[in-house]
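Dear colleague,

I am handing over the structure below, and after it you will find my notes on its cores and pockets. Please read them with the coordinates open beside you.

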Amino acid sequence: MRRHKRPKKQTSQTKKKAVVINWHKPSENKPYPTWSKLDDPWVLVSTKHQRVYIKDGKKTVYTMFASTGVNNSTPKGTFHIQAERGDFFYNANSKEGAHYWVSFKDHGIYLFHTVPTDAEGHYNVEEANQLGKTAHSHGCVRLAVPDAKWFYEHVTYGTKVVVE
């Protein structure tokens, strides 16, 4: 008599864990790195994975959820953080604004910033809910609100940014 193997039940170890992204909270459940204590800080943006990696040399010290530009509109290459930054902007043409912006290309055109807002600074929840899931910007790199605030307050002028 032949015995048939029963299919294995999926356990919690074999199930793929869904990533829950809350754009109101930091991307990781650990403190942000102390920028001044990093030996070789730089920023890696993955358009494939919709992530921003804060690097210290070859080591990733913090990972942030991101949304980059649709249709590959975020420029790829090596750039450096520019002098332009601010706590809020609004673009009437695209009818979108954001908090905590930092320029990395073309002096105020390509930015790191929060998920988008309206003219009054209220977050666009539908757009914010795309964070970390899909490219959804006009070319900027969108971040969770606390991640963008930390980036704005700590990532220094001249820091290398690699977008791939």
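**Nonpolar cores**

In this predicted model, the largest nonpolar core has 24 residues, of which Val52, Ile54, Phe112 and Phe151 touch the most other members. Two or more residues are given to this core by each of strand E1 (41-46), strand E2 (51-56), strand E3 (59-67), E6, E7, strand E8 (141-143), helix H2 (145-154) and strand E9 (160-163), and E3 gives the most, with four residues. If neighbours within four places in sequence are left aside, Ile54 is in contact with Pro33, Trp35, Leu38, Trp42, Val43, Lys59, Thr60, Val61, Tyr62, Met64, Trp150 and Phe151. There is also a second, separate core of eight residues, and Ile21, Trp23, Val115 and Ala144 are among them.

**Pockets**

The largest pocket has a volume of about 310 Å³, and of the 17 residues that line it, Phe89, Asn91, Ile109, His138 and Cys140 are the closest to its centre. Strand E5 (85-91), strand E6 (96-105) and strand E7 (110-114) are the elements that give two or more residues to this lining, with the largest share, four residues, coming from E6. By class, the lining of the largest pocket divides into seven nonpolar, eight polar and two charged residues.

For the second largest pocket, the volume is about 160 Å³, and the lining is made up of Val20, Ile21, Asn22, Lys25, Pro26, Ser27, Glu28, Asn29 and Phe65. Four nonpolar, three polar and two charged residues are found in the lining of this second largest pocket.

With best regards

Key: Residues are numbered from 1 along each chain as its sequence is written. This is a predicted model: local features need pLDDT of at least 70, side-chain atom pairs count only at pLDDT 80 or more; totals for chains, interfaces and linings use all residues. Side-chain values use heavy atoms; hydrogens and water are left out. On a 1 Å grid over the protein atoms alone, a cavity is a set of points where a 1.4 Å probe fits but cannot get out, and a pocket is an open set with protein on both sides within 12 Å along at least five of seven lines; lining residues have an atom within 4 Å of a point. Grid points are joined across faces, edges and corners, and a volume is the space filled by probe spheres set on the points. Ala, Val, Leu, Ile, Met, Phe, Trp, Tyr, Cys and Pro count as nonpolar, Asp, Glu, Lys and Arg as charged, and the others, Gly among them, as polar. A nonpolar core is a set of buried Ala, Val, Leu, Ile, Met, Phe, Trp, Tyr and Cys residues joined through side-chain atoms within 4.5 Å. Buried means under 20% relative accessible area, exposed over 50%, partly exposed in between (1.4 Å probe, protein chains only). Contact means heavy atoms within 4.5 Å.
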